[in-house]
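Please read the following alongside the sequence and the 3D view. The text goes through single residues, helix pairs and nonpolar cores in turn.

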Amino acid sequence: IPARRKFLKSEATEFAHCDEVFKRLALSQAAIEFVLHHNGKVRRQLRTHSLPQRIAAVLGDEFRETAVSINEQSSAMRLQGMIALPAYARSSRDAQYFFVNQRFVSDRVISHALREAYRDVLHLDKFPAFVLFLDIDPEEVDVNVHPTKTEVRFREPRALHQFIFHAISKALALPNNGMRQ
């Protein structure tokens, strides 16, 4: 019996937490096959994919159809992935995945840059959907900020903010609002 069993939520809630971890791992490693079992049944099975295929497999076809690809690079950073156009805005942050050097993170600087980039095109009570991967020199990131390693600190947060803001703004400003042709 787990020492903290009394703190566990319902089975559905705990499975939802497991599913979220599964999604994060699956998105971060598109070249690896993942299978999620629950109560003896296969709940999710993801074969090896290219990154866009894996994103579509995890977030669904509707996301894929309303998303644009990003692939921007500066001398010290590279940002790639997919962002949904404002038409796919969500009422929660359930489709927001940001990875730094293949690690899922939650960071205020990154969140602010994304909010600012979407500010003029998204209603205040809606949230953008995205799966983004930032590659940066590991010396520029402190991952030992939080025990779960999901919070990080950057050596040059202002430069990172500007880079992300401009990359997202550029993608949102493409002709035809970024829609594929």
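With neighbours up to four places away in sequence set aside, T66 is in contact with I83, A84, L85 and Y88. The model in which these contacts occur is a predicted one. T66 lies in the loop that joins α3 (61–65) to β3. Its relative accessibility is 19%, and because buried means under 20%, T66 counts as buried.

One of the contacts of T66, I83, leads into the largest nonpolar core. This core has 29 residues, and those touching the most other members are L79, I83, F98, L134, I164 and I168. Two or more residues each are given to the core by the strands β3 (67–73), β4 (77–84), β5 (96–100) and β7 (130–136), and by the helices α4 (108–118) and α5 (157–172). The largest share is that of α5, with 7 residues. A second core, separate from this one, has 22 residues, including L59, F63, A129 and V131.

I168 can serve as a viewpoint on the larger core. Beyond four places in sequence, I168 touches I70, L79, I83, L114, A117, Y118 and L132. Among these partners, L114, A117 and Y118 belong to the α4 side of the contact between α4 and α5, and I168 itself belongs to the α5 side.

How are two packed helices described? The description uses the angle between their axes and the distance between the axes. For α4 and α5 the angle is about 30 degrees and the axes are 8 Å apart. Angles under 35 degrees count as roughly parallel, and α4 is therefore roughly parallel to α5. The crossing of α4 past α5 is right-handed. On the α4 side, the contact is made by V109, I110, H112, A113, L114, E116, A117 and Y118; facing them in α5 are P157, L160, H161, I164, F165, I168, S169 and L172. Sorted by class, the residues of this contact are 12 nonpolar, 3 polar and 1 charged.

The other helix pair to consider is α1 (residues 11–28) with α2 (residues 51–59), packed at an angle of about 165 degrees with axes 9 Å apart. Angles over 145 degrees count as roughly antiparallel, so α1 and α2 are roughly antiparallel to each other. Here too the crossing, of α1 past α2, is right-handed. K23, A26 and L27 of α1 make the contact with L51, R54, I55 and V58 of α2. These residues divide into 5 nonpolar and 2 charged, with no polar residue.

Within α2, the buried residues are R54, I55, A56, V58 and L59. Of these, R54, I55 and V58 also take part in the contact with α1, while L59 is a member of the second core. After α2 comes G60, which has a positive phi near 100 degrees.

In α1, is D19 buried or exposed? D19, a residue of that helix, has a relative accessible area of 12% and is therefore buried. Residues up to four places away in sequence aside, D19 touches L36 and R44.

R44 falls within β2 (41–46), and the loop between β1 (34–38) and β2 holds N39. Most residues other than glycine have a negative phi. The phi of N39, however, is positive, near 50 degrees. N39 counts as exposed because its relative accessibility is 58%, above the cut-off of 50%.

Which other residue that is not a glycine has a positive phi of about 50 degrees? That residue is N101, located in the loop between β5 and β6 (103–104). With a relative accessibility of 30%, N101 counts as partly exposed.

The last stop is L122, in the loop between α4 and β7. L122 counts as buried because its relative accessibility is 12%. Its contacts, apart from neighbours within four places in sequence, are P86, A89, F127 and P128. L122 and R64 are 58 residues apart along the chain, and their C-alpha atoms are separated by 19 Å.

Terms used. Residues are numbered from 1 along each chain as its sequence is written. This is a predicted model: local features need pLDDT of at least 70, side-chain atom pairs count only at pLDDT 80 or more; totals for chains, interfaces and linings use all residues. Side-chain values use heavy atoms; hydrogens and water are left out. Axes are lines fitted to C-alpha atoms, for helices over the stretch in contact, and angles run from 0 to 180 degrees between N-to-C directions. Helices (H or I, at least four residues) and strands (E, at least two) are DSSP runs, numbered from the N terminus. Angles under 35 degrees count as roughly parallel, over 145 as roughly antiparallel, 65 to 115 as roughly perpendicular and the rest as oblique. A crossing is left-handed if the near helix is turned anticlockwise from the far one by less than a right angle, and right-handed if clockwise. Contact means heavy atoms within 4.5 Å. Ala, Val, Leu, Ile, Met, Phe, Trp, Tyr, Cys and Pro count as nonpolar, Asp, Glu, Lys and Arg as charged, and the others, Gly among them, as polar. A nonpolar core is a set of buried Ala, Val, Leu, Ile, Met, Phe, Trp, Tyr and Cys residues joined through side-chain atoms within 4.5 Å. Buried means under 20% relative accessible area, exposed over 50%, partly exposed in between (1.4 Å probe, protein chains only).
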